[in-house]
Amino acid sequence: MQIGTGHYLVLSTALLLIGTLGVLTRRNIVIILMSIELILNAVNLNLIAFSRHYGHVTGQIFAIFVITAAVAEAAVGLGILIALFRNKGTVLADEIDLLKW
Amino acid sequence: MIDAIFFYSFALMTLAGAVLTITRRSAVHSAIWLIVSLLGVAGLYLLMHAEFLFATQIVLYIGGIMVLFLFVIMLVNLDEAAKESQFNKQWPLALACAVAVGAEILFILAKGSKAFPLPAPAANLDTVGNTEAIAISLFSDYLLPFEVASILLLVAIVGSVVMAKKRI
């Protein structure tokens, strides 16, 4: 059986949806950040599947840039999490409601 | 045939790891399952002949980002958070939205092959190695984005140092 680009697209759709579900339903900010990593991995899988399909290396270059953005996002996000925990003493996303009224 | 076996085993590893990541109560368990999921994705990269991305995935994601995550999990006290309920009140709505988006994307994937025909897969034209091809493209066509990415990383370093300061 031949594994084509479509197989990879369906897999990356499933990974994207699992990540989205994690972002939308979890209360713990650490796990929300992990779900964002899952979403970015789904994007990379898509980019590399099309890079393979077209026989062109550009998709892999863009995947490298996506990984760079993911590293920056994780570093800043976890820094914000530490600052938040020092000031509010909680890591649950729905207890941080200063801007709500 | 051997391709299919590897694809389905790596896909199972990726999806099972992802599902367990978002359902575990303890954040450390979530991080370990996320590592399993990222390893599955790395295997898929290898299957797609993206060897450089495979190495980058292992070194940067599993070696870098996951160590950062585990470090922060140890630094921040998550014991109280683990005792509370792990899902917020809107989870049925979120599940419905995710299912709707998934149905939409799968519908397009199933039906759209006629509306948006892809060209036939290109033959493997790697006369040079994968890493060499990436390097040639990255340092000639994408030199400016490469330099901008270094500025992005500098901003991230400064931002995380400022955020982790004692008084903010």
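**Reading chain B and its contact with chain A**

Q: How far apart do the C-alpha centres of domain 1 of chain B and domain 2 of chain B lie?
A: In this predicted model, the two centres are 23 Å apart. The domain division of chain B places domain 1 at 1-84, domain 2 at 87-115 and domain 3 at 129-168.

Q: Which secondary structure elements does chain B have, and what pattern do they follow along the sequence?
A: Chain B has seven helices and zero strands, and reading along its sequence gives the pattern α-α-α-α-α-α-α.

Q: How should I read the radius of gyration of chain B against that of a compact globule?
A: The general idea is to set the value beside the one expected for a compact globule of 168 residues, which would be near 15 Å, whereas chain B has 21 Å. Along the principal axes, the C-alpha atoms of chain B fill a box of roughly 55 × 40 × 30 Å, and 21% of the 168 residues of chain B count as buried.

Q: What share of the contacts in chain B between residues at least 6 apart in sequence join residues at least 24 apart?
A: That share is 53%.

Q: How is the size of an interface often given, and how many residues does each chain bring to the contact here?
A: Interface size is often expressed as the accessible area lost when the parts come together. Counted by residues instead, the contact takes 70 from chain B and 61 from chain A. Elements of chain B that give two or more residues to the side touching chain A include α1 (2-23), α3 (51-75) and α7 (143-163). By class, that side of chain B has 54 nonpolar, 14 polar and two charged residues.

Definitions and conventions: Residues numbered from 1 in each chain as written. Chains lettered and ligands numbered in written order. Predicted model: local features only at pLDDT ≥ 70, side-chain atom pairs only at ≥ 80, totals over all residues. Contact = placed C-beta atoms within 7 Å. Helix = DSSP H or I, 4+ residues; strand = E, 2+ residues; numbered from the N terminus. Nonpolar A, V, L, I, M, F, W, Y, C, P; charged D, E, K, R; others polar. Domains from an automatic or database assignment. Rg over C-alpha atoms; globule rule 2.2 N^0.38 Å. Buried ≥ 20, exposed ≤ 12 C-beta atoms within 10 Å, placed from the backbone.
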